[in-house]
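Hi everyone, thanks for making time. I'll walk you through one protein model today, so have a look at it first and then we'll talk.

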Amino acid sequence: LIVSTVHAAIMTPASLVALFQAPYLLGSADFFVSTEISLLTNEIFIAYTFQDLFLCLWFRKQWPDMKAMLVHHACVLVTWGQLAVGGWGQGIALVAQSCEISTFFVTGRWILHKAGAKEGRAYFVNGILMAISFFVFRICFYNWQIVTLFRQRSDLLELPVFSFVSMLFCYFAGAILQSIWFIKIVQGALKVLRAPPNDYVKLAPA
């Protein structure tokens, strides 16, 4: 939890700053343009994913729903390794990396759950913020990158076949996984909102 939270605290602002400093990474048709900071964030993201993959494999029997996470990490390592070496697809990579902002609220939910605070206001508010951050970054901002892919399609088609296929597979696999996780979040939120008044008060006291 500490490592993932620290990683999110570094990765999210670094990725957003890189995009702010070089908006052409998303706005231009050049798929092969990169910056020093964008490549640095790639390397940090790869290092974090490696260590998290190790933990997922080590604790796969104790931690539930590891299959989706293993697919996610495998896709990241295959694709981001090429991004870091080739210096291409940086705009889309930075957007994907900025999605780590939701980690703060996912971690907060776990801590509050383990602390037995599921019936408190903090747990309820954290859940709302988690849903909002997930929707804004992992659904809207991430899926918006289909526009970037279309804009940079000419350069994208110049990639070797393996790189082209792995890039698109990783992007769309990520979109599917984000959607699945968001649906689960929404289902949890609806369960709270549809609870009988007495139960709702317990879940989200005024």
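So, what is the mean pLDDT of the protein chain? The mean is 88, and 94% of the residues reach 70 or more; pLDDT is the predictor's confidence in each residue, from 0 to 100. This is a predicted model, so local features need pLDDT of at least 70 and side-chain atom pairs count only at pLDDT 80 or more, while totals for chains, interfaces and linings use all residues. Residues are numbered from 1 along each chain as its sequence is written, and side-chain values use heavy atoms, with hydrogens and water left out.

Confidence varies along the chain, then. Among the elements, H5 has the highest mean pLDDT, 96, and helix H11 (residues 197-203) the lowest, 48. Helices here are DSSP runs (H or I, at least four residues), numbered from the N terminus.

Now for the inside. The largest nonpolar core has 25 residues, and Trp80 and Met167 have the most contacts inside it. A core like that is a set of buried Ala, Val, Leu, Ile, Met, Phe, Trp, Tyr and Cys residues joined through side-chain atoms within 4.5 Å. Helices H3 (36-58), H4 (66-86), H5 (90-98), H7 and H10 (161-193) each supply at least two of its residues.

Let's take those two residues in turn. Leaving aside neighbours within four places in sequence, Trp80 is in contact (heavy atoms within 4.5 Å) with residues including Phe45, Ala93 and Cys170. Met167 lies in helix H10, and Met167 is buried, with a relative accessible area of 4%. Buried means under 20%, exposed over 50%, and partly exposed in between, using a 1.4 Å probe and protein chains only. Beyond four places in sequence, the contacts of Met167 include Phe31, Leu83 and Leu149.

How many salt bridges does a search of the whole structure find? Just one, counting a side-chain nitrogen of Lys or Arg within 4 Å of a carboxyl oxygen of Asp or Glu. The side chains of Arg138 and Glu100 form that bridge, at 3.8 Å from N to O. Arg138 sits in helix H7 and Glu100 in the loop between H5 and helix H6 (103-114), so the pair ties together parts 38 residues apart in sequence. Are these two buried or exposed? Arg138 counts as buried at 9% relative accessibility, and Glu100 is buried too, at 8%.

Last stop, back on H7 (residues 121-143), where Val125 is found. Val125 is partly exposed, with a relative accessible area of 36%. Thanks, that's my tour!
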